[in-house]
Amino acid sequence: MMDLNRRMKIRRFFLGKDGIVGKIVLYGLLLTIGFVYLFPLIKMFTTSIMDLSDLVNPVVEWIPTKLYLENYRTGLIVLKYGSTLLFSLAVTLVPALLQTAVTSLTGYALAKFKVRGRRIVFALILLTYLLPQQVYMIPKFVLFDQFGILKTAWSIIFPATFGQGLSSAIFILIFYQFFRIQPPALDESAEIDGANPYQIFFRIGVPLAAPAYLSAFLFSFVWYWNETYISSLFLGTDLYTLQLKLFNFQSQFNLATGIAQTATNEAIRYAATILIILPVLVVYAVMQKWFVEGIDKTGVTGE
Amino acid sequence: MNESGRIRRPLKREKRMNLVGWSMLLPWAFGFLVFTLYPILSSFRYSLSEVILDGAGIRVTFVGLENYRAAFSSAAGFAFLQSVLDFALEVLFKVPIITVFAIIIAVLLNQKIKLRGFFRAIYFLPVIIASGPVINQLASQGAATIPLVEQMGILDFINRTFAPALARPIAGVFDELIVILWFSGVQILLFIAALQKIDRSVYEAAMIDGAGPWESFWKITMPALAMMVRVSVVFTIINLATFSENPAIQHIRSNMFALETGFGFSSAIAWIYFVALALILGIAVGALSAFGRKKART
């Protein structure tokens, strides 16, 4: 016979606030949705290590009969992986670094100095966020053509150098928020010690904002890596980044193999896709914390 | 220190600080003038002109509203307008899905759970890899569809039930469900950040007063998220609008180099696109504020 107290205890164990039923539902939901989320990636990976006979075999849905790495070899050759990767990094890392530096300086100036016309500057920065690049990319195309930097990496690097790169507006606002909440007492004491505003920026502002810098740089890097619309316009058809090669994979494949009519199969295309997301995946695996917590720590969500 | 000195010094300092501030803003200001403001004005001028770019340089001839007229009367124009309409429908279906999904995931991740970092990392992963070509590859091979959707005949059901104009976007939603969910990574983090600002004791107080989890969610959680919903919706719409696989912006680029259209026509439809986007944003934000006011009254 069970006394009431014990029955209540059991009931609480199953249904209470942190009861086991609630836990099972919670973890079940998180795992199911997580699996659905990763489903395309898992599918892509298992397919990429299948050979032709596995691909057409209706019995083989998920697990290949053997590990077949030839697809990756083909992918590496078609993408000209080594040299394309270097070029991709040139139009990704360099603008990301420069953009981070300039947007931080801009955010700092807006946060720390009561510059005249600050409201107008803010309005203009917001405008650059709301106005899609597509609206003004054509004159930029013409301008770069006249400068002679069209179809070179400079067409991506220059705008980033002057705070007009990919999502620059977001980064300026992130840095503005971050520098605004930095205690002014530190700046004041440095000023009393005789430091000029630029020294204060480099010696106090920058080091204290290190997490914001890291997050901004990582986001900037990933967004530049994944950007194809503007870069395909400015870089033209001779200079391909990895992403652009993936976009034109069929023609690249024909070019590399010298055979005009063979179609690639999805295993090769998936292998190539994995090769292309690999660099960012590695960065994410190592720096995951800085991506996810960056949004929190930088106070983007602040009032 | 005498009286006048005390007044003059801060003024002088203010002036100096203004100069220092502007010296730091200089790179941005230069970039804004050259790479943004000048192109915006030129783009508007192009949209009213016939633009020819060749070896000899660029020739811009004013033609009035000709390009805009062409946008509403030529085949290329119709194709573009159709894609803008499709985009508006896409927003109508995808933005609520993305927003609601992001809120649900954020609430789940905000519980006291083990492996929180691990789950958060999974839900944010798509943001890292979702480029146009990658999504393209996944969608073209059908990897973006949940297998169940096809097996259960959901697509057939949709095609039979709805008028073709509606069935297409709805079927598209199911067809690319995973990819749509992939667009909610940043929004999930935004909502988590907002949730963490809510004081836990508010929930405890509500519980003591007899509120269940359902009431707590609608009376405490949702009001606290109201502002972030607006931010998230604007972010989502702009994200969808500028995604490289969006047909509307592909029309803008392909018409740049098409024989019968060119830079002038492309500039014109780019501006039309901007107006449409501004309208969509305005309607979305307006609807949210109206909804918020109605909620507040009840």
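B:Tyr46 is buried, because 27 C-beta neighbours sit inside 10 Å, and a residue needs 20 or more for that class. The model is predicted. B:Tyr46 belongs to helix α1 of chain B, which covers residues 3-47.

Which residues does B:Tyr46 touch, leaving out those up to four places away in sequence? Two are in chain A: A:Ile138 and A:Pro139. The others are B:Val51, B:Val60, B:Phe263, B:Gly264 and B:Ser267. B:Thr236 gives a sense of scale. B:Tyr46 and B:Thr236 are 190 residues apart in sequence. In space, their C-alpha atoms are 30 Å apart.

**Domains of chain B**

Chain B splits into domain 1 (3-47) and domain 2 (68-130 + 183-297). Their C-alpha centres lie 33 Å apart. The contact between them takes four residues from domain 1 and six residues from domain 2. On the domain 1 side, two residues are nonpolar, two are polar and none is charged.

**The contact between chains A and B**

Chain A contributes 62 residues to the contact, and chain B contributes 68 residues. On chain A, the helices that each supply at least two residues include α2 (20-48), α6 (93-112), α7 (118-130) and α8 (133-147). Further along the chain come α13 (210-226), α14 (229-235), α15 (242-247) and α17 (266-297), again with at least two residues each. Which helix gives the most to this side of chain A? It is α17(A), with 13 residues.

The side of chain A that touches chain B breaks down by class as follows.

| Class, chain A side | Count |
|---|---|
| Nonpolar | 42 residues |
| Polar | 13 residues |
| Charged | seven residues |

**The fold of chain A**

Chain A has 17 helices and zero strands. Its radius of gyration is 26 Å, well over the 19 Å that the globule rule gives for 303 residues, so chain A is more spread out than a compact globule. Its C-alpha atoms fill a box of roughly 80 × 75 × 35 Å along the principal axes.

How much of chain A is buried? Buried residues account for 43% of its 303 residues. Contacts in chain A can also be sorted by sequence separation. Taking those between residues at least 6 apart in sequence, 75% join residues at least 24 apart.

Technical notes. Residues are numbered from 1 along each chain as its sequence is written. Chains are lettered from A and ligands numbered from 1 in the order in which they are written. This is a predicted model: local features need pLDDT of at least 70, side-chain atom pairs count only at pLDDT 80 or more; totals for chains, interfaces and linings use all residues. Two residues are in contact if their C-beta atoms, placed from the backbone, lie within 7 Å. Helices (H or I, at least four residues) and strands (E, at least two) are DSSP runs, numbered from the N terminus. Ala, Val, Leu, Ile, Met, Phe, Trp, Tyr, Cys and Pro count as nonpolar, Asp, Glu, Lys and Arg as charged, and the others, Gly among them, as polar. The radius of gyration is taken over C-alpha atoms; the globule rule is 2.2 Å times the number of residues to the power 0.38. A residue is buried if 20 or more other C-beta atoms lie within 10 Å of its own, exposed if 12 or fewer, and partly exposed in between; C-beta atoms are placed from the backbone. Domain bounds come from an automatic or database domain assignment.
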